[in-house]
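Me: Please give me a close look at a single part of this model, and then place that part in its wider setting. Keep the account plain, with the numbers attached.

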Amino acid sequence: MPIPNRLTELRQARGWTQRELAERLGVSRQTVISIERHRFDPSLPLAFQLAKVFDCRIEDVFQVDDSTDLS
Amino acid sequence: MTMTKQTRWLAAAGLGLALTAALTPLVAMSQPNPTATDVMTAAMITGPVAFAVSWLVLVAGPVLTRSYAEGNVERTWLERALAGTAVDVLAGTAAAALTLTSNDIHAPAGPALTIVLAAGLADLGLRYLRLRQA
C-alpha cells in the first residue's frame with residue numbers, strides 16, 4: 001500500500017502544474033499523477049529528489065507514522 | 001528535438017503500418033503459392049507485432065530511457081507486465097508442447113514461433129494497459 005504524501009499540497013503551494021513538477025524531477029507526468037493519487041511509491045532516489053525540489057525533508061513530503069501500513 | 005505525445009503516437013501508427021506492409025509479403029511468401037487468404041493471415045500475424053514494436057520504440061522508449069527513467073511509473077508497469085507475460089508464455093508454451101507431443105501432432109516451427117511471439121506481445125500490451133488504467 002503506497003505511503004501517504006503531501007505532493008499535491010506542496011506542488012499547488014508553489015503554483016506548479018503536474019507537468020512542471022515532472023520536468024523539474026526529470027520523470028513523466030504520469031509518474032507525478034500516480035504518486036499524487038497514492039498509487040505509486042517513488043524510488044528512494046526520486047523521494048530524495050522530491051524533497052530537494054520542494055526544499056524540505058523527506059518526512060515533510062511523505063507522512064509516515066506508527067499507524068502507516070508499510071506492508 | 002522532442003516530440004509531443006500525439007506526434008509520437010502518430011509516428012508509431014505510421015511505422016506500424018509501414019512495417020506491416022513490408023513484413024506481410026515476406027510472411028505470406030512462406031507459402032508456395034500464397035492466396036489472398038494467406039496474405040490476410042500474414043497481415044493479421046505481422047500487424048500486432050509491427051504495431052507493438054513501433055509503440056515500444058516511439059511511444060514507450062522515450063519515457064523509459066529518460067535520465068530518471070528508473071523512477072518512472074511506466075518502468076514499474078512494464079516490469080510487472082513483463083513478469084506476468086513471462087509466466088504466461090512459459091505456461092502457454094508448456095501446455096502447447098504437452099498437447100502436441102501427447103497427440104503426436106507436428107506443427108511447423110516458423111508459424112508456431114510467430115504465434116508465440118504475437119501472443120506474447122499482445123499479452124504484454126494488455127497487461128501494461130490494465131496496469132496503466134488501474
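Reply: Helix α3(B) is 30 residues long, and its first and last C-alpha atoms lie 43 Å apart. At 1.5 Å a residue the expected span is 44 Å, so the value for α3(B) is close to expectation. The model is a predicted one, and the helix in question, residues 73-102 of chain B, has the highest mean pLDDT among the elements of that chain, at 93. The lowest mean in chain B belongs to helix α2 (residues 36-64), at 81. Chain B as a whole averages a pLDDT of 84, with 92% of its residues scoring at least 70. For the model, ipTM is 0.76 and pTM is 0.66.

Six names make up the list of buried residues in α3(B): B:Val73, B:Glu74, B:Arg75, B:Trp77, B:Ala81 and B:Thr85. By residue class, B:Val73, B:Trp77 and B:Ala81 are nonpolar, B:Glu74 and B:Arg75 are charged, and B:Thr85 is polar. Over chain B, 20% of the 134 residues count as buried.

What follows α3(B) is B:Asp104, a residue with a positive phi near 55°. B:Asp104 is not a glycine, and its phi is nevertheless positive. The residue sits in the loop that links α3 to α4 (109-133) of chain B. B:Asp104 has 6 C-beta neighbours inside 10 Å and therefore counts as exposed, since the limit for that class is 12 or fewer.

Beyond that loop comes helix α4 of chain B, which holds B:Ile115. B:Ile115 has 14 C-beta neighbours inside 10 Å; that count is above the limit of 12 for exposed and below the 20 needed for buried, so the residue is partly exposed. Its C-alpha atom is separated by 9.9 Å from that of B:Val49, although the two residues are 66 apart along the chain.

A second pair of this kind involves helix α1 (residues 5-28) of chain B, where B:Thr7 lies. B:Thr7 and B:Val59 are 52 residues apart in sequence, and their C-alpha atoms are 9.2 Å apart in space. B:Thr7 counts as exposed because 11 other C-beta atoms lie within 10 Å.

These pairs belong to a chain with four helices and zero strands, in the order α-α-α-α from the N terminus on. Of the chain B contacts between residues at least 6 apart in sequence, 66% join residues at least 24 apart.

Chain A can be set out in the corresponding terms. It has five helices and zero strands, and the pattern along its sequence reads α-α-α-α-α. It has 71 residues, of which 23% count as buried. Of its contacts between residues at least 6 apart in sequence, 55% join residues at least 24 apart.

Within chain A, helix α2 (residues 18-25) packs with helix α3 (residues 29-36) at an angle of about 110°, and the axes are 8 Å apart. The range from 65 to 115 degrees counts as roughly perpendicular, so that is how α2(A) and α3(A) are described. On the α2(A) side the contact is made by A:Gln18, A:Arg19, A:Leu21 and A:Ala22, and on the α3(A) side by A:Arg29, A:Thr31, A:Val32 and A:Ile33. Sorted by class, this contact has four nonpolar, two polar and two charged residues.

Chain A also offers a counterpart to B:Asp104. The phi of A:Asp55 is near 55°, again a positive value in a residue other than glycine. A:Asp55 is placed in the loop between α4 (44-53) and α5 (58-61) of chain A. With 9 other C-beta atoms within 10 Å, A:Asp55 is exposed.

How values were computed
Residues are numbered from 1 along each chain as its sequence is written. Chains are lettered from A and ligands numbered from 1 in the order in which they are written. This is a predicted model: local features need pLDDT of at least 70, side-chain atom pairs count only at pLDDT 80 or more; totals for chains, interfaces and linings use all residues. pLDDT is the predictor's confidence in each residue, from 0 to 100. Helices (H or I, at least four residues) and strands (E, at least two) are DSSP runs, numbered from the N terminus. Two residues are in contact if their C-beta atoms, placed from the backbone, lie within 7 Å. Axes are lines fitted to C-alpha atoms, for helices over the stretch in contact, and angles run from 0 to 180 degrees between N-to-C directions. Angles under 35 degrees count as roughly parallel, over 145 as roughly antiparallel, 65 to 115 as roughly perpendicular and the rest as oblique.
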